[in-house]
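This briefing is meant for someone meeting the structure for the first time. Please keep the sequence and the 3D view open beside the text while reading.

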Amino acid sequence: PKNRLGLSKWLFDDKNPLTARVMVNRLWAQYFGKGLVKTPEDFGNQGDLPSHPELLDWLAVDFKENNWDMKALQKKIVLSAAYQQSSKIERKKYAKDPENKFLARGPLQKLSAEMVRDNVLAVSGLLVNRIGGKWVKPYQPAGIWKAMANQIGENKYRQGRGGELYRRSLYTYWKRTIPPPSLITFDAPERSVCTVKRQATSTPLQSLVLLNDPQYVEASRHLAERILKEGGEDLEAQLLYGFRLLTSRFPQQNELEILESLYQEEAKRFEQEENQAKALIKVGASENDAALSEKQVAALTVVASALINLDEAKFRG
């Protein structure tokens, strides 16, 4: 039939290979940064040819035969030898294949806007893992809705409370004409048009968000508290623990020395400026751990914020 039911039947007809190929390609691009077809938005005559046509065909057929199981397909991708390779770039291989078209190394790509936020909340221990439920309104700069919304309907942003502030970005309330500013800063597309492929930029504004947004300052404080509780007795062990949480590797000696120097500098500053330490650890709606030293938590909060801002903490590879 020439209606929406007919369209859905045509999309998933056994004689139509396109739907499975397009979906497989988009999921591949999510993990490798680039699809087997470089132009996920265009599978027609104007688009690129697949780099590995047999692989694309096999994945598409397997996807259909397994009842369009998204989780099973993604499991296949992440358990593949191609995905589990190191992302370290060798000079000779890069000269021959700068775009990694032949999958000679593992993927290295920037986390999406939602992943950046969710990862920081997860590492700090703030993330609420509950699945489903109503939308939530996390932190947002004051006055944006009042300045940009029309006067018809709701034009005041009512920030969430408690666990609502720490739910996954998937549940963030999204007003089409006023998108969440921190997500937009990290290249989340506006929802006025369909976007198949996101851009990935690196701007000073992104670092400013990570350093100053209440969501990230609060997460830095909770990460500092976690480091103090779980990282060990001495400063070196604590910094090693925090570095590994954000980067999944041990720091080199020079990196560790920089972090130690930063901590000592901030600890000294907060000894002299106690009010600044109190102000820093009060950012956000969650309570402090009263059993921990405020000055120590404040100094480690600055270190945690620096770790969150590392490229390795914002990239997946």
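What follows is a short overview, and then notes grouped by topic.

The model shown here is predicted, and the protein in it has 317 residues, of which 40% count as buried. Its secondary structure consists of 15 helices and two strands, and the C-alpha trace spans about 75 × 60 × 30 Å along its principal axes.

**Overall picture**

- Among the contacts between residues at least 6 apart in sequence, 63% join residues that are at least 24 apart.
- The accessible surface of the protein comes to about 19200 Å², and 53% of this area belongs to carbon and sulfur atoms.

**Aromatic pairs**

- A search of the whole structure finds eight aromatic pairs, and one of them brings together Phe12 and Trp68, whose ring centres are 4.9 Å apart and whose planes meet at 80°, so that this pair is edge-to-face.
- Phe12 belongs to the loop between helix 1 (4–11) and helix 2 (18–32), while Trp68 belongs to the loop between helix 3 (53–65) and helix 4 (70–78), so the pair ties together parts of the chain that are 56 residues apart in sequence.
- Both rings belong to residues of intermediate accessibility: Phe12, at 44% relative accessibility, counts as partly exposed, and Trp68, at 25%, also counts as partly exposed.
- Another edge-to-face pair is made by Trp145 and Tyr157, and it is classed in this way because the ring planes stand at 75°, with the centres 5.2 Å apart.
- Trp145 lies in helix 7 (residues 144–148) and Tyr157 in the loop between helix 7 and helix 8 (181–185), so this pair ties together parts that are twelve residues apart in sequence.
- Trp145 and Tyr157 are both buried.
- Elsewhere, one aromatic cluster is formed by Trp28, Tyr31, Phe32 and Tyr83.

**Charges over rings**

- The charged end of Lys137 sits over the ring of Tyr173, at 4.7 Å from the centre of that ring.
- Arg167 lies over the face of Tyr171, and here the distance to the ring centre is 4.0 Å.

**Helix 3 and its surroundings**

- Helix 3 has 13 residues, which at 1.5 Å a residue should span 18 Å, and this agrees with the 18 Å that separates its end C-alpha atoms.
- The buried residues of this helix are Leu56, Leu59, Ala60, Asp62 and Phe63.
- Seen down the axis of helix 3, these buried residues fall within an arc of 165°, so they line one face of the helix.
- As a general point, an α-helix has 3.6 residues a turn, so residues three or four places apart point the same way.
- The cover over the buried residues of helix 3 includes helix 2 and helix 4, whereas Glu54 and Glu65, on the other side of helix 3, are exposed.
- After helix 3 comes Asn67, which has a positive phi, near 60°.

**Glu312**

- Glu312 is found in helix 15 (residues 311–314), and at 37% relative accessibility it counts as partly exposed.
- When residues up to four places away in sequence are not counted, Glu312 touches Leu246, Thr247 and Arg249.
- Glu312 and Leu121 are 191 residues apart along the chain, and their C-alpha atoms are separated by 16 Å.

Definitions and conventions. Residues numbered from 1 in each chain as written. Predicted model: local features only at pLDDT ≥ 70, side-chain atom pairs only at ≥ 80, totals over all residues. Heavy atoms only, no water. Phe/Tyr/Trp six-rings, centres within 6.5 Å; stacked < 30°, edge-to-face > 60°. Helix = DSSP H or I, 4+ residues; strand = E, 2+ residues; numbered from the N terminus. Buried < 20%, exposed > 50% of the residue type's maximum accessible area, 1.4 Å probe, protein only. Lys NZ or Arg CZ within 6 Å of the ring centre and 35° of its normal. Expected span 1.5 Å × (residues − 1). Arc of directions from axis to C-beta. Contact = heavy atoms within 4.5 Å. Areas by Shrake-Rupley, 256 points an atom, 1.4 Å probe, with all protein chains shown as cover.
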